[in-house]
Amino acid sequence: MTDLNALDWSLLVVAAVLVGFAKTAIGGVAALSVAIFAAVLPARESTGALLPLLLVGDVVAVSLYRRHADWGTLLRLFPSVAVGVLVGVVFVAQIGDTGMRRTIGAVLLVLSGLHLWQRHRARRGEPAVPSAARRRVAALSFGSLSGFTTMVANAAGPVMSLYLLSAGMPMLQFLGTGAWFFLLVNLFKIPFSAGLGLISGASLTLNVLLTPVLLVGAWLGRVVIRRLDQSRFEQLVLAFTILASLNLLR
């Protein structure tokens, strides 16, 4: 942390505010936090530095939306999510900082593409209520991808948003299911991140310092979400995420 200058600290504060905002308002904003942390800190260690902050945001989100979770959906997802996390652990253990930074950039770009696809399908009124077979296939596919992307880049938000939207969930159920999903999955990741050396005393000190501004972001999300032109805001977030992703690919 002694290597961080004033600009670095300013960017990390912004990223922490965005984490809180994402957990209580628009989840896609968290992709910007992933990109900022990977740009300011060593990319490999940035995932462990961000994880405890995400957990704080998850606790806030669960406290607000805990009664609205669809536990049937969560139980269908968790086995494949666990497999995806374990594959991500092996991947992180084998890759260096440059490869990790570029992987995060590539993951964010792919998820941005998924977000665009999601918006396109929503405009067309798709999908209809899926069959039981399609739900099982979707749970396996999206669960595995969510597990891998959350372990490698803390970037499963767009994947889960696409899955929950395709399930036709009403807003509160969408928020409650997502809140519980990320709390449980991020808790599951803690021992693996610690074992890989991604969480350290220095990173935890950074988390403590940034938690107050995360809570400010969470409060702002609650205040702003009802007054926001969500479509325009998502367009801006997507544009900034793509730019940040391209910067990580350099």
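Select F188 to begin, a residue that counts as partly exposed at 34% relative accessibility; here buried means under 20% relative accessible area, exposed over 50%, and partly exposed in between, calculated with a 1.4 Å probe on protein chains only. What you have open is a predicted model, in which local features need a pLDDT of at least 70 and side-chain atom pairs count only at 80 or more, while totals for chains, interfaces and linings use all residues. Residues are numbered from 1 along each chain as its sequence is written, and side-chain values rest on heavy atoms, with hydrogens and water left out.

**Aromatic pairs**

Next, display the aromatic side chains, where rings of Phe, Tyr and Trp (its six-membered ring) pair if their centres lie within 6.5 Å, with planes under 30 degrees apart counted as stacked, over 60 as edge-to-face and the rest as tilted. By this rule there are six aromatic pairs to find. Go to F78 and F181, whose ring centres are 6.1 Å apart and whose planes stand at 0°, so this pair is stacked. F78 belongs to helix 4 (residues 71-94) and F181 to helix 8 (residues 171-195), so the pair ties together parts that lie 103 residues apart in sequence; helices are DSSP runs of H or I with at least four residues, and are numbered, as are strands (E, at least two), from the N terminus. Colouring by accessibility sets the two partners apart, since F78 is partly exposed at 22%, whereas F181 is buried at 1%. If you add F182 to the selection, you will have a cluster of F78, F181 and F182 linked by ring pairs.

Now return to F188 and add F192, where the ring centres are 5.3 Å apart and the planes meet at 70°, so the pair is edge-to-face. F188 and F192 sit four residues apart in helix 8, a separation of about one helical turn. Like its partner, F192 is partly exposed, with a relative accessibility of 23%.

**The nonpolar cores**

From F181, turn to the nonpolar cores, each a set of buried Ala, Val, Leu, Ile, Met, Phe, Trp, Tyr and Cys residues joined through side-chain atoms within 4.5 Å. The largest such core has 62 residues, and if you wish to select those with the most contacts inside it, choose F37, I104, Y163 and F181. Helix 2 (residues 30-40) gives the most to this core, contributing nine residues. Apart from it lies another core, made of five residues, among them L55, A61, V62 and A179.

**A loop residue to inspect**

Select N154 in the loop between helix 6 (132-153) and helix 7 (157-166). The phi angle of N154 is near 50°, a positive value in a residue other than glycine, and N154 is buried, with a relative accessible area of 10%.

**Confidence, and a last stop**

Finally, colour the model by pLDDT, the predictor's confidence in each residue on a scale from 0 to 100. The protein averages 85, and 90% of the residues score at least 70. Among the elements of the protein, helix 1 (residues 6-24) has the highest mean pLDDT, at 94, and helix 10 (residues 230-248) the lowest, at 69. Where pLDDT is low, the predicted coordinates should not be read in detail. With that caution, select L243, which lies in helix 10 and counts as exposed at 54% relative accessibility. Its C-alpha atom is separated by 9.1 Å from that of L109, although L243 and L109 are 134 residues apart along the chain.
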